[in-house]
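Reader: Hi! I'm new to reading protein structures, and I'd like a close look at just one part: the place where the two domains meet. Could you walk me through it slowly?

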Amino acid sequence: MERLRIQGRSHLVGEVTVSGAKNSALKLMAAALLAQGTTVLHEVPDILDVRYMGELLQRLGCRLDADGGTLRIDVPSSIEYEADYDLVRRLRASITVLGPLVARCGRAKVALPGGDSIGSRGVGMHVAGLARMGADIRVEHGFVVAEASGGLHGSTILLDFPSVGATENLLLAATLAKGTTVIDNAAREPEIVDIAEMLSRMGAKIGGIGTSLLEIEGVEALAPVEHTVIPDRMVAGTWAIGAAIAGGRVAIRNARADHLEIVLDKLTRAGASIQPAATGFEVRMERRPQAVDIVTLPYPGFPTDLQPMMVTLAAVSEGTAMVTENLFDGRFRFVQELARLGADVRTDGHHAVIRGMPLLSGAPVDATDIRAGAALVLAALAAEGETVVSGVHHLDRGYPDLVGVLHRLGAQVMREPDAEFRR
Ligand code: EPU
């Protein structure tokens, strides 16, 4: 276990190059299972979650070879169909192998992911959708067990809510189903567009990409392709909000401003100036931010994954902000840690009211999940004095070379063993 020791009151000045999106890369790795042969992914981020997904694919019989940001996945003609709890609990995205396994093997047994520190992580829509496609599917002894020995068939599925994971699982399964599948009220996050585009190049027939109505005509087989993962909008967004919190000037390279429209709009309202720059954009903040309200919603709404950073921004802003969280019931748990730095945050159900303070003060805090961890690091940069953030392994799940990036932006940060954990 390790922790970060951060000296506060440090502006961020410099450049960050964003790697491929975690939440795209993990699903593209699962999508590779649909085609026998070698899938090659470029711009795969060097993060723990990618390693865990790699281990899962190996367990299913694939051979993996990583070289820098390029990952080769060799998928044999016959793959295993079971994903154990020891792997799934480390990585909830592993539920994404469910759809490809049922489609390829006619059966799957995948451990239920369970909840985590951001709240419950239901899979009811994944299960109901596959059942409509003809799978005999049940949850037993902590596993989702699915069988479709005669193959899946197309169906019309109306999702109760535009779930990212359910849309992905059903989209992946539908590519090899007999007939046409319609997914209505589908999620339309950029990562889903990325997956759909790779699948199309593999030979899948998908209409309505980027909309909430996906129409997939099943094909007999898919062929492996080479694909470059889209830039990580959560990493880009984290550094953009970081520049607004700590003040300074950060050029964010390999970033898609069009994937962050609402986030950049909120930062502009908070007083930041945002300019397009080579392969990305630049964020400048030269004064104390103004409080801005946000409401998290499925894309193109404000992303829940950047909510903790916006709460942190509000904590140092002038005025009072209201933040509404609509996706995860536990996503405000981290405000107790932010309060240790002096933030004034009150939560009531899925609302938080944040009264901005002129200055936070450094203290020991604990990162409870990846995004909460990132928010605490940004808070530490703005606080007066020293902050020690433990639980850095959560940040390693999604932020490649975190300390290197912070150093390049001029922050004073040290990574060290967590003595509390050694005891
Ligand atoms: N939900 C259900 N039943 C379902 C599916 C979802 O109740 O069958 C609920 C969930 O419990 C949750 C909400 O719907 O409360 C949203 O879930 P969704 O399926 O949209 O999210 P996810 O696929 O579990 C992905 C990202 C999250 C991101 C959300 C929302 C990955 C690996 N994870 O999760 O990213 O917050 O979409 O955009 O893609 C992160 O990267 O830190 C992260 C948590």
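Author: Sure, and let's start with a term we'll need: a salt bridge here is a side-chain nitrogen of Lys or Arg within 4 Å of a carboxyl oxygen of Asp or Glu. The idea behind it is simple: side chains of opposite charge can pair when their charged atoms come close. Keep in mind that you're looking at a predicted model.

Now find Asp 49 and Arg 397. Their closest N and O atoms are 2.9 Å apart, and the two form a salt bridge. Across the interface of domain 1 and domain 2, two salt bridges turn up under that rule. Polar contacts can be counted there as well: five residue pairs make one between domain 1 and domain 2.

Let's step back to see who is touching whom. Domain 1 comes in two stretches, 2-18 and 231-417, while domain 2 covers 22-228. On the contact itself, domain 1 puts in 24 residues and domain 2 puts in 20. Measuring from centre to centre over the C-alpha atoms, you'd get 30 Å between domain 1 and domain 2.

How much surface gets covered up? The size of an interface is often given as the accessible area lost when the parts come together. For domain 1 and domain 2 that comes to about 1,800 Å², with 53% of it on carbon and sulfur atoms. On the domain 1 side, the residues losing the most area to domain 2 are Tyr 299, Phe 328 and Arg 397, which together make up 31% of what that side buries. You've met Arg 397 already, as the partner of Asp 49 in the salt bridge.

Tyr 299 deserves a second glance too. A cis peptide bond links Tyr 299 to Pro 300, with omega at about 10°. If you want to find the spot, Pro 300 sits in the loop between β18 (294-295) and α10 (307-315).

Back to the contact: which helices of domain 1 help build its touching side? Among the contributors, α12 (370-382) and α13 (392-396) each give at least two residues to the side of domain 1 that touches domain 2. Sorted by kind, the residues on that side are eight nonpolar, six polar and 10 charged.

One last stop is the ligand. There are 23 residues around it, and Lys 27, Met 125, Ser 163, Asp 305 and Leu 327 come nearest. Several backbone atoms come up close to its oxygens. For Met 125, a backbone N or O atom lies 2.7 Å from an oxygen atom of the ligand. For Val 164, a polar backbone atom is 2.8 Å from a ligand oxygen. And for Leu 327, a polar backbone atom is 2.7 Å from an oxygen of the ligand.

Notes. Residues are numbered from 1 along each chain as its sequence is written. This is a predicted model: local features need pLDDT of at least 70, side-chain atom pairs count only at pLDDT 80 or more; totals for chains, interfaces and linings use all residues. Side-chain values use heavy atoms; hydrogens and water are left out. Domain bounds come from an automatic or database domain assignment. Contact means heavy atoms within 4.5 Å. Buried area is the accessible area (1.4 Å probe) that two parts lose on being put together, summed over both. A polar contact is a pair of N or O atoms within 3.5 Å; within protein, one must be able to donate a hydrogen and the other to accept it, and residues adjacent in sequence count only if both atoms are side-chain atoms. Helices (H or I, at least four residues) and strands (E, at least two) are DSSP runs, numbered from the N terminus. Ala, Val, Leu, Ile, Met, Phe, Trp, Tyr, Cys and Pro count as nonpolar, Asp, Glu, Lys and Arg as charged, and the others, Gly among them, as polar. A residue is near a molecule or strand if one of its heavy atoms lies within 4 Å of it.
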